[in-house]
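Q: Got a minute to go through this one with me? I'd like to start with the strands and then look at empty space inside.

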Amino acid sequence: MTSSTIRPASDYPPGGDAFRHRHLTGIAQLTPWEISYVLDAAEEWVDLNRSGAAKHDDRLAGLTIINAFFENSTRTLLSFEIAGKRLGADVVNMHAAQSSVKKGETLIDTAMTLNAMRADAIVIRHASSGAVQLIADKVDCPVLNAGDGRHEHPTQALLDALTIRRRKGRVEGLTIAICGDVLHSRVARSNILALTLLGNEVRIVAPPTLTPPAMERMHVTTFTDMDEGIKDADVVMMLRLQNERMDGAYLPSAREYHALYGLTPKRLEQAKPDAIVMHPGPMNRGVEIDSSIADDADRSTITEQVEMGVAVRMACLDILTRRQRGVPGWN
Ligand code: NCD
């Protein structure tokens, strides 16, 4: 079931034509083929990671990857670090709290500093939408977006697509409800772009105050009623309330939010009987999702998403550094 949609390499254009980008700044730049290409490449790394043979592939040996995180992170930072190390790269982490950013250095100056150190790839998380593109325009090496403001979080969408594809046998023709704080969520944005591009019906379920304007332009339908929004869904994707991005009162209280938008076992009965439940983490148990659902291994894909995150990031680091490594056909 898991591998049914993997395409043979001969289905893709040869060499670098299969993935034409120097950077991974967002899903918006990608074609459906390029997304499938990354997912198929990641499958290989899932198998290797599970076999325990990981670390035996050192194709990134001699490369230096800098993880520049200007915002907090647990799973994204760790999984980029593990992904780089599993492929033999030297990985260094820069935490903004301990960096010169706190001394007033501009983003461009930080970018030029990272560039002068001759990194072979830079992974960036930043609180401002567009900051990653700004850095990508200034440096010589590939830049991977690990989340920029409310804008995009492309590797999260890729790992979510891979998780869905493995659990459901396909990632097309499904009904997928993305529920919660869509307004502040780069995860939602990247997922909407990826999942609509791959041919799924995507619904947004959120209170009016947390629904972004003009969602119809993103080819989704919006719901303010949770029971209606998840009705007959194949996938229910929950989002965290991003309080740190809220500059004012968007909600009466967490308790009220849970009553109307929390995913409870009763509410989940509205979705298809075999619906899966996703969450990018970190989750607030008892707010957007009940523990009994989060911990139900048959329904919840939360730990599998983390596992897929390492594989997808290995695939992205491999693909984006092929030009520097002189891989034939990747000039
Ligand atoms: C998300 C993020 O940082 O955008 N987390 C993640 O990368 N797994 C979502 C969140 O913070 O709620």
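**Strand S5 and the cavity**

A: Sure. In this predicted model, strand S5 pairs with strand S8 (residues 235-238) in the parallel sense, over four bridges.

Q: Which residue is the bridge partner of cysteine 179 in S8?

A: Methionine 238 is the partner of cysteine 179 there.

Q: And how many bridges join S5 to strand S6?

A: Five, and S5 and S6 (residues 201-205) run parallel. Threonine 175 of the pairing stands opposite glutamate 201 in S6. Between the two strands, the chain goes from S5 through helix H6 (residues 186-197) to S6, a right-handed β-α-β crossover.

Q: Is S5 mostly covered or not?

A: Mostly covered: five of its five residues, 175-179, are buried. Thr175, Ala177 and Cys179 sit on one side, Ile176 and Ile178 on the other, and both faces are covered. In a regular strand, side chains alternate between the two sheet faces.

Q: OK, new topic. How many cavities of 30 Å³ or more does the structure hold?

A: One. The largest cavity has about 80 Å³ of space.

Q: Which helices each supply at least two residues of its lining?

A: Helix H2 (75-86), helix H5 (154-168) and helix H11 (302-320). H11 gives the largest share, four residues.

Q: What's the lining of that largest cavity like by class?

A: Four nonpolar, four polar and two charged residues. The lining includes Arg75, Gln156, His279, Pro280 and Arg313.

How values were computed:
Residues are numbered from 1 along each chain as its sequence is written. This is a predicted model: local features need pLDDT of at least 70, side-chain atom pairs count only at pLDDT 80 or more; totals for chains, interfaces and linings use all residues. Side-chain values use heavy atoms; hydrogens and water are left out. On a 1 Å grid over the protein atoms alone, a cavity is a set of points where a 1.4 Å probe fits but cannot get out, and a pocket is an open set with protein on both sides within 12 Å along at least five of seven lines; lining residues have an atom within 4 Å of a point. Grid points are joined across faces, edges and corners, and a volume is the space filled by probe spheres set on the points. Ala, Val, Leu, Ile, Met, Phe, Trp, Tyr, Cys and Pro count as nonpolar, Asp, Glu, Lys and Arg as charged, and the others, Gly among them, as polar. Buried means under 20% relative accessible area, exposed over 50%, partly exposed in between (1.4 Å probe, protein chains only). Two strands pair if DSSP finds at least two bridges between them. A crossover is right-handed if, with the strands pointing away from the viewer, the path from the first strand over the helix to the second runs clockwise.
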